[in-house]
Amino acid sequence: MWEAGGRWYARILDAPAYIEVTGMSRHGCLEELRKVTGDDVTLTVDVIPTIVGVAEAAEIMGWDKRRVITYIDRGSFPEPITSLASGRIWLREDVEAYAADWLARHPTKPPTSVSAPAASSSVPGRPTA
């Protein structure tokens, strides 16, 4: 099973016919698979984890890529699962957990409203009515 674009997909590899199903959730996808195979079939489900690179990690964090690299260099970012020629990669769930923890420790401050000075209704040098 794997997730892509907000949907879950499953494929049976060792069946006489090609079988692929989809669902809005992991559970829903498994239910669709059960409809096709029946309840008496033993299924072994391998879930393919979603991985992310620096650009996706930056998007999850709400940062730019340079800030992610800064945190990596400081040793303050989760360890990548591996480094490829194209860069480091992480499990998406690890980065999302780090983001949730980071946001809990660094709550955003509500924006302060800067009010403009009140406009005067009188013109200097003229008497007010």
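**Notebook: pockets and a small sheet**

I began with the second largest pocket, and I found it lined by Glu3, Trp8, Arg26, Val47, Ile48, Pro49, Thr50, Arg92, Glu93 and Glu96. I keep in mind that this is a predicted model.

I then looked up how much space this second largest pocket holds, and the value is about 180 Å³. Its lining divides into four nonpolar residues, one polar and five charged. Helix α4 (residues 92-105) gives the largest share of that lining, with three residues.

Next I turned to the largest pocket, whose volume is about 420 Å³. I noted 18 lining residues here, and Arg11, Ile12, Leu13, Thr44 and Asp46 are the closest to the pocket's centre. Which elements each supply at least two residues of this lining? They include β2 (7-12) and α1 (26-37). By class I have twelve nonpolar, three polar and three charged residues in the lining of the largest pocket.

After the pockets, I traced the sheet. It is open and has three strands in the order β1-β2-β3, with antiparallel pairing. Why is one side of β1 and of β3 left without a neighbour in the sheet? Both β1 (2-4) and β3 (19-23) stand at the edges with a single partner strand each, so one side of each has no neighbour there. On average, neighbouring strands of this sheet are turned by 30° against each other, direction ignored.

I also checked the pair β1 and β2, which is antiparallel over three bridges. In it, tryptophan 2 stands opposite tyrosine 9 of β2. Last, I followed α1, which packs on the sheet and touches β2 and β3. The direction of α1 makes about 145° with that of β3.

Note on methods: Residues numbered from 1 in each chain as written. Predicted model: local features only at pLDDT ≥ 70, side-chain atom pairs only at ≥ 80, totals over all residues. Heavy atoms only, no water. 1 Å grid on protein atoms, 1.4 Å probe; cavity = no way out; pocket = protein on both sides within 12 Å on 5 of 7 lines; lining within 4 Å. Points joined across faces, edges and corners; volume = space filled by probe spheres on them. Helix = DSSP H or I, 4+ residues; strand = E, 2+ residues; numbered from the N terminus. Nonpolar A, V, L, I, M, F, W, Y, C, P; charged D, E, K, R; others polar. Pairing = 2+ DSSP bridges. Axes fitted to C-alpha atoms, helices over the stretch in contact; angles between N-to-C directions. Contact = heavy atoms within 4.5 Å.
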